Amino acid sequence: MPEGHTIHRNAEDLNEAFAGQALAVTSPQGRFADSAARINHTAFVQAQAVGKHLLMEFANDAIVHVHLGLYGAWNINPLVKKAAPPVGQVRLRLLGEQTVADLRGPTQCELVTSLDVALLLNRLGPDPLRVDADEKRAWNVISKSSSPICVLLMRQDIVSGVGNVYRAEVLFRLGIDPLTAGRDVDRKVWLKIWRDLVTLMRIGVDIGQIDTVRSKHLPERTGRAPRVDRHGGEVYVYRRESQPCLVCSTPILKREVAARNLFWCPTCQK
Ligand SMILES: [Zn+2]
């Protein structure tokens, strides 16, 4: 599933392409056709991301809420003379002066009101990529919880936008045993987790992939082979089970926790 950095990058790309323009809005596949007709030829005001949710605000208080889920994706391309016919199941097409954006396969694509947005924001935890995020809201829950920190970091009502890769990597980078109960995490350690998420996820927005490996552990410094994985990016533990830890050479472990695969180094994370 795309993590928050992907959605923030989508929002930045959509703003750059469309802000202030009246867009041709269609649903070539048909499933969003009635809603598309309601916002067709109205001005695109702005897009913003909150965790894994994208909110696109149009004139007249119309807001499109998108959640990509597991399979959703945007294709945002420059317009060459006229837009190519849509390929595949395009739920939503936005056509501007110089750009065409196609949305395929989202879990949610719906027209909502500002009240719906307020309710959504209320049930989401702070998003490390937002300047208005208040980490104390997350800390208030984490510091009282007997659940493992690795599970708490995945709960969107506690911290929004973090997925399986960032949670595994941030816990490795800080040498934290992922099964440590939330209430046993020191306030100072939590602040380090939060700040590292802010840093790593911002890099993810800027370069469009998750890179978490410090320069001293990169292939060009250590001579090891670069990582090969469809997620791209250099990481310490995510999907590296049985491979040697990049720091201590202990084989990386994997186990299922709360229905998701957890990856960690048993030596570095004690
Ligand atoms: Zn290690």
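**Exercise 1. Classify serine 249 by relative accessibility and describe its backbone and its place in the chain.**

Solution. Step 1: serine 249 has 53% relative accessibility and counts as exposed. The classes are buried for under 20% relative accessible area, exposed for over 50%, and partly exposed in between, with a 1.4 Å probe and protein chains only. Step 2: its phi is near 75°, a positive value in a residue other than glycine. Step 3: serine 249 sits in the loop between H8 and S9. Helices (H or I, at least four residues) and strands (E, at least two) are DSSP runs, numbered from the N terminus.

The model is predicted: local features need pLDDT of at least 70, side-chain atom pairs count only at pLDDT 80 or more, and totals for chains, interfaces and linings use all residues. Residues are numbered from 1 along each chain as its sequence is written, and side-chain values use heavy atoms, with hydrogens and water left out.

**Exercise 2. Describe alanine 258 and relate it to methionine 154.**

Solution. Step 1: alanine 258 has a phi near 50°, a positive value in a residue other than glycine. Step 2: alanine 258 belongs to the loop between S9 and S10 and, at 56% relative accessibility, counts as exposed. Step 3: methionine 154 lies in the loop between H5 and H6 and is buried, with a relative accessible area of 17%. Step 4: the two residues are 104 residues apart along the chain, and their C-alpha atoms are separated by 9.7 Å. Step 5: leaving aside neighbours within four places in sequence, methionine 154 is in contact (heavy atoms within 4.5 Å) with Gly163, Asn164, Arg167 and Arg260.

**Exercise 3. Which side chain of opposite charge is nearest to arginine 167, and what surrounds this arginine?**

Solution. Step 1: arginine 167 is in helix H6. Step 2: arginine 167 is buried and has no salt bridge; a salt bridge is a side-chain nitrogen of Lys or Arg within 4 Å of a carboxyl oxygen of Asp or Glu. Step 3: the nearest side chain of opposite charge is glutamate 3, 8.0 Å away. For charge, Lys and Arg count as positive and Asp and Glu as negative, while His and the chain ends are not counted. Step 4: a polar atom of the arginine 167 side chain lies 2.7 Å from the backbone oxygen of cysteine 150. Step 5: apart from neighbours within four places in sequence, the residues in contact with arginine 167 include Val151, Leu153, Met154, Arg260 and Leu262.

**Exercise 4. How many salt bridges does the structure hold, and which parts of the chain do the selected pairs link?**

Solution. Step 1: the structure holds 12 salt bridges.

Step 2: in the pair of aspartate 196 and arginine 173, the closest N and O atoms are 2.8 Å apart. Aspartate 196 lies in helix H7 and arginine 173 in helix H6, so the pair ties together parts 23 residues apart in sequence. Aspartate 196 is buried, with a relative accessible area of 10%, and arginine 173 is buried at 16%.

Step 3: aspartate 229 and arginine 239 meet in a salt bridge of 2.9 Å, N to O. Both lie in the loop between helix H8 (219–222) and strand S9 (253–257), so this pair ties together parts 10 residues apart in sequence. Arginine 239 counts as partly exposed, at 28% relative accessibility.

Step 4: lysine 254 pairs with glutamate 241, the closest N and O atoms being 3.7 Å apart. Lysine 254 is in strand S9 and glutamate 241 in the loop between H8 and S9, 13 residues apart. Lysine 254 is partly exposed at 42% relative accessibility, and glutamate 241 is partly exposed at 30%.

Step 5: Glu12, Arg202 and Asp206 are joined into one network by salt bridges that share partners.

**Exercise 5. Which residues of the largest nonpolar core touch the most other members, and which elements contribute two or more residues to this core?**

Solution. Step 1: a nonpolar core is a set of buried Ala, Val, Leu, Ile, Met, Phe, Trp, Tyr and Cys residues joined through side-chain atoms within 4.5 Å. Step 2: the largest one has 43 residues, of which Leu153, Trp190 and Ile193 touch the most other members. Step 3: two or more residues come from each of helices H4 (135–142), H5 (149–152), H6 (164–173) and H7 (187–207) and from strand S10 (260–264). H7 gives the largest share, 8 residues. Step 4: not counting residues up to four places away in sequence, isoleucine 193 touches Ile149, Leu153, Val170, Leu171, Leu174 and Ile176. Step 5: a second, separate core has 26 residues, among them Ala36, Leu54, Val64 and Leu94.

How values were computed: A polar contact is a pair of N or O atoms within 3.5 Å; within protein, one must be able to donate a hydrogen and the other to accept it, and residues adjacent in sequence count only if both atoms are side-chain atoms.
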